[in-house]
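Subject: Handover of the structure

Hello,

Below is the structure I said I would pass on, with its sequence. My notes on what turned up follow it.

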Amino acid sequence: MVIPQHVAIILDGNGRWAKSKMMPRNYGHVRGAQNLEVICEDAYKMGIKYLTVYLFSTENWKRPEDEVNALMKLFRSYTKTCVKTAMKNNMKVRTIGDPSVLDEDLRESLRVLEETSKNNTGLNFQIAINYGGRDEIVRAIRKVAADCVAGHISPEEITEEKFAGYLDTHDIPDPDLLIRTSGEQRLSNYLIWQLAYTEFYFTDVPWPAFTKEDLKKAIEKYNSRERRFGGVKEE
């Protein structure tokens, strides 16, 4: 079985899963964070080299204030725990998105997490926090425009490859497989540039209940498809 090099996941269904258990939404987010640690380890053992997860989108700020505050508190706790997990499992952690609107202490925790794990050689784990695909492209365009004004690059030199170098994921290969849990079948503004040739897999399983077996099912489905680029089958 061919293992995709890069898997991206939209972690959906935490709140609905908690509601099904007659528990508050935040309980679902906590269990979802715990499950993320398990799936990271499972993914690496299966041979996946890059795992990118949608933790908090630019649109998630529109959620009720108490839920957003609870999520930020959870992220603070998770980043500290993730440092230990990263070092234990030789995991290199990076964040994508715009950190500028996050509180200073959370930005610092994310910086420490990246700095501490930067030399690890195991799973490459990308956390998308305050991330939106359109926002990423707009931020990249601003960087390109600034370089054009400064004379570092001319408009004629801008290619798809060169533009991709301005994205948050500039040193990460595009995903081979996207998984979205909990039944929704949309991208929700996630990696919209990078997913141009990605295979999509949607499952009704909510994220806190997603297991290694569910990950295997997604990869098996990925293997059952004939990947074609420009009408030519990928060998």
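Asn189 sits in the loop that runs between E5 and E6. Please bear in mind throughout that this is a predicted model. The phi of Asn189 is positive, about 65°, although the residue is not a glycine. As a general point, most residues other than glycine have a negative phi. Buried or exposed? Asn189 counts as buried because its relative accessibility is 16%, under the 20% cut-off.

The loop between E5 and E6 also holds Leu191. Leu191 is not a glycine either, and its phi is positive as well, near 50°. With a relative accessibility of 2%, Leu191 therefore counts as buried.

The strands around that loop

Strand E5 covers residues 177-180 and pairs with E6 in the parallel sense, over 4 bridges. Within this pairing, Ile179 has Tyr201 of E6 as its bridge partner, and Arg180 stands opposite Phe202 in E6. E5 also pairs with strand E1 (residues 6-10), again in the parallel sense and over 4 bridges. There, Ile10 stands opposite Arg180 of E5. Arg180 thus has Ile10 opposite it in E1 and Phe202 opposite it in E6.

Which way do the side chains of E5 point? Leu177 and Ile179 point one way, Leu178 and Arg180 point the other way, and all are buried. E6 (residues 199-202) has one covered face, made of Glu199 and Tyr201, and one uncovered face, made of Phe200 and Phe202.

The cavity

How many cavities of 30 Å³ or more does a search of the whole structure find? The search finds 1. The largest cavity has a volume of about 30 Å³. Its lining consists of His6, Thr52, Thr169, Ile172, Pro173, Asp174, Pro175, Leu191 and Gln194. Leu191, the loop residue with a positive phi, is thus one of the lining residues. By class, the lining has 4 nonpolar, 4 polar and 1 charged residues.

Pro173, also part of that lining, is placed in the loop between helix H6 (160-164) and E5. Its relative accessible area is 26%, so Pro173 is partly exposed. Not counting residues up to four places away in sequence, Pro173 touches Gln5, His6 and Tyr50. Of these contacts, His6 is among the residues that line the cavity. Pro173 and Glu37 are 136 residues apart in sequence, and their C-alpha atoms are 22 Å apart in space.

The pocket

The largest pocket has a volume of about 580 Å³. It is lined by 28 residues, and those closest to its centre are Leu11, Asp12, Leu55, Asn60 and Arg63. By class, this lining has 12 nonpolar, 8 polar and 8 charged residues. Which elements supply at least two residues each? They are helix H1 (14-20), helix H2 (25-46), strand E2 (50-57) and helix H3 (65-89). H2 gives the most, with 5 residues.

Helix H2

The length of H2 can be checked directly. At 1.5 Å a residue, its 22 residues should span 32 Å, and the end C-alpha atoms are 31 Å apart, so the two values agree. The buried residues of H2 are Gly28, His29, Gly32, Ala33, Asn35, Leu36, Ile39, Cys40, Asp42, Ala43 and Met46. What covers them includes H1, E2, H3, strand E4 (124-131) and helix H7 (212-223). Among these, H1, E2 and H3 also supply residues to the lining of the largest pocket. After H2 comes Gly47, with a positive phi near 105°.

Ser109

Ser109 has its place in helix H4 (residues 104-117). Its relative accessibility is 16%, which means that Ser109 counts as buried. Leaving aside neighbours within four places in sequence, Ser109 is in contact with Thr79 and Lys80. Ser109 and Arg76 are 33 residues apart in sequence, while their C-alpha atoms are 7.2 Å apart.

Places to look at in the viewer:

- the loop between E5 and E6, for the positive phi of Asn189 and of Leu191;
- Arg180, for its place opposite Phe202 in E6;
- the largest pocket, starting from Leu11, Asp12, Leu55, Asn60 and Arg63.

Regards

Definitions and conventions
Residues are numbered from 1 along each chain as its sequence is written. This is a predicted model: local features need pLDDT of at least 70, side-chain atom pairs count only at pLDDT 80 or more; totals for chains, interfaces and linings use all residues. Side-chain values use heavy atoms; hydrogens and water are left out. Buried means under 20% relative accessible area, exposed over 50%, partly exposed in between (1.4 Å probe, protein chains only). Two strands pair if DSSP finds at least two bridges between them. On a 1 Å grid over the protein atoms alone, a cavity is a set of points where a 1.4 Å probe fits but cannot get out, and a pocket is an open set with protein on both sides within 12 Å along at least five of seven lines; lining residues have an atom within 4 Å of a point. Grid points are joined across faces, edges and corners, and a volume is the space filled by probe spheres set on the points. Ala, Val, Leu, Ile, Met, Phe, Trp, Tyr, Cys and Pro count as nonpolar, Asp, Glu, Lys and Arg as charged, and the others, Gly among them, as polar. Contact means heavy atoms within 4.5 Å. The expected span of a helix is 1.5 Å times one less than its number of residues.
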